[in-house]
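I opened the notebook to record what I looked up in this structure. The entries run from the whole chain down to single residues.

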Amino acid sequence: MDPILTVSLLLGLMFLLLAAGVWIAPVLMAVAAVAIDVMAGRPAGSSIATTAWSASSSWMLTALPMFIWMGDILFHSRLSEDMFKGLSPLMRRWPGGLLHTNVMGCTLFGSVSGSSVATLTTVGKMTIPELRKRGYPEHLIVSTLAGPATLGLMIPPSIIMIVYGALTNESIAKINIAGILPGLVLAAMFSLYVAFKALTLPGYNPVREAEASWREKLHASRKLIPVVLLLSLVIGSMMFGFATATEAAAVGVLGALMLAWAQGTLTKDMFMTSLMSATRSSVMISLILVSAGSLSLAMGYLRLPEMLATWVDSLQLTPFWLLMGLLALYTILGHFLDGISCVALTISIVEPMVRHAGIDMIWFGIFMVLVVEMAQITPPVGFNLTVLQSMTGHDMFKVGWWSVPMHVIMLAMVFILIAVPGLATWLPSLMMPVHGA
């Protein structure tokens, strides 16, 4: 069967089931079963069972529940409150003032939550009332949450990067480290936009905070030290070869528990709530991964990877135009699916084309995450825009329109990443091998 026709039929079945309201994991499993049993003529049951065991017993995936649990522990602590108190004295006199707490707060919290929705919800609940009380323009409050909240997918440790690494058999540690520089550059671009708007926007006149003394700044910044030390420990242990991603995740959980204990928020109820929340998230993601593994097996039975690679080669597309096609694909998918689902749904089809084009898979992981991030705030119905709508009470049109500048900034970052691939590949190239490995 023609590979394009085969892919079209399978994608048609996928979107039909998704449109019917079926969850993403059963959709992937059903499509895999049809492809194996009907198209490949092989027994689907035994094939999927073997793949499910292999996918779920992978040592690489042990990092997933622990990083999720680390984020849940800190989510249920006073982290967001401490971050606001620690950041606000440092940002008061910057052009844009406390709007920078949205950017910096999302950058910090995103690095521990690994989720854009959790980052948006946590930071937004803390900053929106404070910024409104001080008279900051509503459109800037919304936009400085919409864009920076997506950094939860980029700044390590990132759940979506663990999923990508597991599905492509790439180093989870390297893919996480690769997100550091692009994430920081993107955060800096958001802050520069805030400063520009503060200096040029007519009628911009929020309540100005009194300048904090150096003693006050140092006193307030002490609230940021624990989480910065925890992140440095987790990321540094991977970077310098002291720990694998799994071992670093275990260190992160222990550090998060100690931080919650020091804050006085580590109660039995909080411990069980965070543990059960992490368990539910881990099971959901693991089911998606098992289903995606079954779909990859089906693709292999149908010999689609090599046929698609041959087809792409016949089009004589340059790597740039292949990336532009994938940019359009993920922008569309991001309207309807979360980031993990986007990756799981497409990776078995996209990976062979990308590898055949000679694109570095670590770099492509960052490209994919960045594009999926951008899709979360793409008007009119980006995934994160619905969350912002419920938090702010504004209609979707306003929230979408106010988020356009952040979408443009992220689109610019996509082209910067293409022009300067070293942003994603330099730090991983400096990583030391794990001691004793």
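**Entry 1. Surface and charge.** I started with the accessible surface of the protein chain, which comes to about 18400 Å². Carbon and sulfur atoms account for 69% of that surface. I note here that the model is predicted. I then looked up the charged side chains and found 21 positive and 20 negative ones. The centres of the two sets are 12 Å apart.

**Entry 2. Overall form.** I looked up the secondary structure next: the protein chain has 23 helices and zero strands. Along the principal axes, its C-alpha atoms fill a box of roughly 70 × 50 × 40 Å. For 437 residues, a compact globule would have a radius of gyration near 22 Å, and the protein chain agrees, because its value is 22 Å. I also checked contacts between residues at least 6 apart in sequence, and 80% of these join residues at least 24 apart. Of the 437 residues, 56% are buried.

**Entry 3. The core.** How many residues does the largest nonpolar core have? I found 147 residues in it. Leu 28, Tyr 330, Phe 364 and Phe 367 have the most contacts inside this core. Helix α19, residues 361-376, gives the most to the core, with 12 residues. I followed Tyr 330 outward, leaving out residues up to four places away in sequence. Tyr 330 touches Cys 342, Thr 346 and Val 350, and also Met 368, Val 371, Val 372 and Ala 375.

**Entry 4. Pro 148.** I picked out this proline since it lies in a helix, namely α8, residues 138-149. Is Pro 148 buried or exposed? Pro 148 has a relative accessible area of 0%, so I put it down as buried. Beyond four places in sequence, Pro 148 touches Asn 102, Val 103, Cys 106, Ser 143 and Phe 190. I took one C-alpha distance as well: Pro 148 and Met 104 are 44 residues apart along the chain and separated by 8.1 Å.

**Entry 5. Leu 151.** I moved on to the loop between α8 and α9, where Leu 151 has its place. Leu 151 has 0% relative accessibility and therefore counts as buried. Which residues does Leu 151 contact, its neighbours within four places in sequence aside? I listed Thr 107, Gly 183, Leu 186, Ala 187, Phe 190 and Glu 373. Phe 190 had already come up as a contact of Pro 148. The C-alpha atoms of Leu 151 and Leu 184 are separated by 9.0 Å, with their positions 33 residues apart along the chain.

**Entry 6. Asn 169.** I looked at the loop between α9 (159-168) and α10 (172-178), which holds Asn 169. Its phi is near 60°, a positive value in a residue other than glycine. Asn 169 counts as exposed because its relative accessibility is 65%, and the cut-off for exposed is over 50%.

**Entry 7. Ser 348.** I ended in helix α18, residues 339-356, with Ser 348. Ser 348 has 9% relative accessibility, which is under 20%, so it counts as buried. Leaving out residues up to four places away in sequence, I found that Ser 348 touches Leu 295, Ser 296 and Met 299. I also checked Ser 348 against Ala 262: the two are 86 residues apart in sequence and 44 Å apart in space, C-alpha to C-alpha.

Note on methods:
Residues are numbered from 1 along each chain as its sequence is written. Side-chain values use heavy atoms; hydrogens and water are left out. A nonpolar core is a set of buried Ala, Val, Leu, Ile, Met, Phe, Trp, Tyr and Cys residues joined through side-chain atoms within 4.5 Å. Buried means under 20% relative accessible area, exposed over 50%, partly exposed in between (1.4 Å probe, protein chains only). Helices (H or I, at least four residues) and strands (E, at least two) are DSSP runs, numbered from the N terminus. Contact means heavy atoms within 4.5 Å. The radius of gyration is taken over C-alpha atoms; the globule rule is 2.2 Å times the number of residues to the power 0.38. Accessible areas come from the Shrake-Rupley method with a 1.4 Å probe; for residues, only the protein chains shown count as cover. Lys and Arg count as positive and Asp and Glu as negative; His and the chain ends are not counted. The place of a charge is taken as NZ of Lys, CZ of Arg, CG of Asp or CD of Glu.
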